[in-house]
Amino acid sequence: MKKRFANPYVLLTLTSLFWAGNMVIGRGLREAVPPMTLAFWRWAIAFALTLPFALPHLRVQWPRIRAHWRAVVVLGFIGVGCYNTFAYIALQYTTATSATLLNSFTPVATIALAFLLLGKRLTSLETAGVVVSLVGVMIIVARGSLATLLGFSLNTGDLWMLLAVLTWGIYTVGLQWRPAGIDPMLLLAAFTAVGVVGLAPLYAWEIASERLIDPSPATFAGILYIGIFPGFLGYVFFNAGVAAVGPSRASLFIHLMPVFTALLAAIFLGERPQPFHFAGIALVFAGIFLTTRKPAG
């Protein structure tokens, strides 16, 4: 079991599962929890969970963090402070279908940024995998209807989601410049601390504006899930996956999010899977297989 969870592809798959749940719950909590409040408590919980693993390394590795504080602040601000905050704002205004479709362009944005900033190129097989899996995503979010896809238009929420996609692409590529020699949990704690500090004034502004949490067991359960799984475990797994396989290949697993979203909706919302779900899921997995397989010879 331990060896299985050391496999970067297993970690990236679980990350997509956790983040699919984040989108479903984020949309479901949009009337009960303001977006800045949700982002703040997500990362406050994640920080509390990370701290016990990080503290044993702090005394020895603090000088290295201090020497590279600019990279820590920038990555923490973008990856923790911005991406999910923008996504939660987007879910206030746009449909889950639109948000999922726009989020599926994250691998494309990441690949483009990796090319521009790192000079990394995809092989023809990896390119084919990206295209195939993207087609699968479009089939799922368009519900198998070309008319739905052609009728897609941007609104305020969609623009926020595009901004979220851009920030996540920058964060994924930017992990290449994270300080070396720092324990991953300590680095995650540092990123999270930056994000929490940055979100605190926005959280206070929502409180001052009387945009408060609507308390209920379901609300608090949703916040706990978002803090533990997408916030804590999702970032631990994603950062490990990027370190093992690189940003372009790791970002392709974002295409699994609409797959898992469809499955979670079937389980928790009683929505029966349709034929286009299975067609899209098959293409997503085919694309990931093409992109992650090793060339012959």
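## Helix 13

In helix 13, the buried residues (under 20% relative accessible area with a 1.4 Å probe and protein chains only) are L256, M257, P258, V259, F260, T261, A262, L264 and A265. Helix 13, a DSSP run of H or I with at least four residues, numbered from the N terminus, covers residues 256-268 and has 13 residues. From its first C-alpha to its last, helix 13 reaches 18 Å, close to the 18 Å expected at 1.5 Å a residue, where the expected span is 1.5 Å times one less than the number of residues.

## How the model is read

This is a predicted model, in which local features need pLDDT of at least 70 and side-chain atom pairs count only at pLDDT 80 or more, while totals for chains, interfaces and linings use all residues. Residues are numbered from 1 along each chain as its sequence is written, and side-chain values use heavy atoms, with hydrogens and water left out.

## T219 in helix 11

T219 has its place in helix 11, and T219 is buried, with a relative accessible area of 4%. The side chains of T219 and S216 are joined by a polar contact of 2.9 Å, a term for a pair of N or O atoms within 3.5 Å, of which, within protein, one must be able to donate a hydrogen and the other to accept it, and residues adjacent in sequence count only if both atoms are side-chain atoms.

When neighbours within four places in sequence are left aside, T219 is in contact (heavy atoms within 4.5 Å) with L29, A32, V33, I213 and D214.

Conventions: Helix = DSSP H or I, 4+ residues; strand = E, 2+ residues; numbered from the N terminus. Buried < 20%, exposed > 50% of the residue type's maximum accessible area, 1.4 Å probe, protein only.
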